[in-house]
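Visitor: I have a structure open and have not looked at it before. Can you walk me through it?
Guide: Yes, go ahead and bring it up.

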Amino acid sequence: MIDRLEKEVDMLERHLQVLKMVIENEPIGIVKMSNETGYPHHKVRYSLRVLEEENLIEPSSQGAIKTERTVEFVDELDGKLDDIMNKLDGMKIEDVPEAEN
């Protein structure tokens with residue numbers, strides 16, 4: 001149950017790392033991103049495709065660049081992550097009574 005969540009969080013972390021690289025180094029290509037992050041080319045390519053589908057980046061002849069929507073997304077990101085973390089904190093099961101034998 002938790003394994004799927006962990007995989008999704010890892011993938012989100014990769015997508016956001018790729019987005020951050022585009023923002024800081026645009027235009028930037030797959031090879032450079034792969035070399036700097038250590039992620040294989042196919043994983044960088046997948047993250048770029050997801051980010052493009054979300055209209056957060058777009059391809060150019062020199063590599064990926066940000067879009068008009070990128071700034072708005074980044075501005076809202078911290079608040080959304082805080083909301084998710086608060087929700088996850090509320091799911092914790094503290095002090096479970098021990099079963100009687």
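**A first walk through the model**

Visitor: Let's begin with the strands. Which residue is the bridge partner of I57 in β2?
Guide: The bridge partner of I57 in β2 is K66. Keep in mind that this is a predicted model.

Visitor: In which sense do β1 and β2 pair, and over how many bridges?
Guide: They pair in the antiparallel sense, over four bridges. Strand β1 covers residues 57-60 and strand β2 covers residues 63-66.

Visitor: And what joins β1 to β2?
Guide: A hairpin does, through two residues.

Visitor: What about T67, where does that one lie?
Guide: T67 is in the loop between β2 and α4.

Visitor: Is T67 buried or exposed?
Guide: Its relative accessibility is 15%. Buried means under 20%, so T67 counts as buried.

Visitor: Which residues does T67 touch?
Guide: Leaving out residues up to four places away in sequence, T67 touches N55, L56, I57 and E58.

Visitor: N55 is on that list. What is its phi?
Guide: Phi of N55 is near 60°, which is a positive value in a residue other than glycine. N55 lies in the loop between α3 and β1.

Visitor: How does N55 count for exposure, and at what relative accessible area?
Guide: N55 has a relative accessible area of 47%. The partly exposed class lies between 20% and 50%, so N55 counts as partly exposed.

Visitor: Changing topic: which residues does the cis peptide bond join?
Guide: The cis bond joins E26 and P27, with omega at about -15°. P27 sits in the loop between α1 and α2 (30-37).

Visitor: Now pockets. What is the volume of the largest pocket?
Guide: The largest pocket has a volume of about 300 Å³. It is lined by 14 residues, and the closest to its centre are E8, V9, L12, L81 and I84.

Visitor: Which elements give two or more residues to that lining?
Guide: They are α1 (2-25), α3 (41-53) and α4 (68-90). Of the elements, α1 gives the most, with eight residues.

Visitor: What classes of residue are in the lining?
Guide: The lining has 11 nonpolar, one polar and two charged residues.

Visitor: Last thing: what pLDDT does the protein average?
Guide: The average pLDDT is 93, and 98% of the residues score at least 70.

Visitor: Where is confidence lowest, and where is it highest?
Guide: Confidence is lowest in α4, at a mean of 93, and highest in α3, at 96.

Definitions and conventions: Residues are numbered from 1 along each chain as its sequence is written. This is a predicted model: local features need pLDDT of at least 70, side-chain atom pairs count only at pLDDT 80 or more; totals for chains, interfaces and linings use all residues. Side-chain values use heavy atoms; hydrogens and water are left out. On a 1 Å grid over the protein atoms alone, a cavity is a set of points where a 1.4 Å probe fits but cannot get out, and a pocket is an open set with protein on both sides within 12 Å along at least five of seven lines; lining residues have an atom within 4 Å of a point. Grid points are joined across faces, edges and corners, and a volume is the space filled by probe spheres set on the points. Ala, Val, Leu, Ile, Met, Phe, Trp, Tyr, Cys and Pro count as nonpolar, Asp, Glu, Lys and Arg as charged, and the others, Gly among them, as polar. pLDDT is the predictor's confidence in each residue, from 0 to 100. Two strands pair if DSSP finds at least two bridges between them. Buried means under 20% relative accessible area, exposed over 50%, partly exposed in between (1.4 Å probe, protein chains only). Contact means heavy atoms within 4.5 Å.
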